[in-house]
Amino acid sequence: KQWYQRRVRATCVYFVRPYCPNNQEDLYKICLLNADNGQDGTHLFPGHPDIIGDRGVGPYLELSPDLAYVLTDDAGVCGYVLGVLDTQKFYDDVYEKWLPKMCAKYNSPQPDRTNWAPPPPGGGG
């Protein structure tokens, strides 16, 4: 079963362990599968399935991996805990290091102008 299809069982054993880079896909998937008000948000981001993970967990995984932990059960990764030691430094690093990468990864959206009304005579704008 997928992690989001599992029911919480009182007898299930959970483990918290340090994050490993090969867990990134699992954590991004958790973000995406909760992106629609706690439900699967895959349909909201068909062209960019990583965008929610890049927004929610990516900066922590890249800038503070020593304070990233994953929750696992017998079916695999089912949750995570993220932290930083210095919030101001993290905030500065997000702006200086993380956001430039995201700007390069995700182009600015351009409006679809095919249904726009033509400009009024004389320019007016």
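**Close-up 1. Strands β2 and β3 run side by side in this predicted model.** Here β2, made up of residues 68-73, pairs with β3 in the antiparallel sense, and six bridges link the two. One of the facing pairs puts L71 opposite G79 in β3. Another has A68 in β2 with L82 of β3 as its bridge partner. To get from β2 to β3, the chain goes through a hairpin of two residues.

**Close-up 2. The whole sheet has three strands, in the order β1-β2-β3.** The sheet is open, and the pairing is antiparallel. Out at the edges sit β1 (15-18) and β3 (76-82), each of which pairs on one side only. From one strand to the next, the twist averages 30°. On the β1 side, four bridges hold the antiparallel pairing of β1 with β2. Look for R17 here: its opposite number in β2 is V70. As a reading aid, side chains in a regular strand alternate between the two faces of the sheet.

**Close-up 3. Helix α1 packs on the sheet.** This helix covers residues 24-32 and touches β2 and β3. How is α1 angled with respect to β3? The helix direction makes about 85° with that of β3.

**Close-up 4. N23 sits in the loop between β1 and α1.** Is N23 buried or exposed? N23 has a relative accessible area of 5%, so it counts as buried, the cut-off being under 20%. Which residues does N23 contact, once its neighbours within four places in sequence are set aside? They are R17, P18, V70 and V77. Two of these names have come up already, as R17 and V70 are the pair standing opposite each other across β1 and β2.

**Close-up 5. The largest pocket has a volume of about 370 Å³.** Its lining counts 16 residues, and the closest to the pocket centre are D54, R55, W98, L99 and M102. Which elements give two or more residues to this lining? They are α2 (51-56), α3 (58-63) and α4 (87-105). Helix α4 supplies the largest share, with eight residues. Sorted by class, the lining has 12 nonpolar residues, along with two polar and two charged ones.

**Close-up 6. D54 belongs to helix α2 and is among the residues closest to the centre of the largest pocket.** Is D54 buried or exposed? Its relative accessibility is 5%, and because buried means under 20%, D54 counts as buried. What does D54 touch, not counting residues up to four places away in sequence? Its contacts are Y28, P59, W98, M102, K105 and Y106. Of these contacts, W98 and M102 are also listed with D54 among the residues closest to the pocket centre. Y28 may look familiar from the third close-up, as α1 takes in residues 24-32.

Note on methods:
Residues are numbered from 1 along each chain as its sequence is written. This is a predicted model: local features need pLDDT of at least 70, side-chain atom pairs count only at pLDDT 80 or more; totals for chains, interfaces and linings use all residues. Side-chain values use heavy atoms; hydrogens and water are left out. Two strands pair if DSSP finds at least two bridges between them. Axes are lines fitted to C-alpha atoms, for helices over the stretch in contact, and angles run from 0 to 180 degrees between N-to-C directions. Contact means heavy atoms within 4.5 Å. On a 1 Å grid over the protein atoms alone, a cavity is a set of points where a 1.4 Å probe fits but cannot get out, and a pocket is an open set with protein on both sides within 12 Å along at least five of seven lines; lining residues have an atom within 4 Å of a point. Grid points are joined across faces, edges and corners, and a volume is the space filled by probe spheres set on the points. Ala, Val, Leu, Ile, Met, Phe, Trp, Tyr, Cys and Pro count as nonpolar, Asp, Glu, Lys and Arg as charged, and the others, Gly among them, as polar. Buried means under 20% relative accessible area, exposed over 50%, partly exposed in between (1.4 Å probe, protein chains only).
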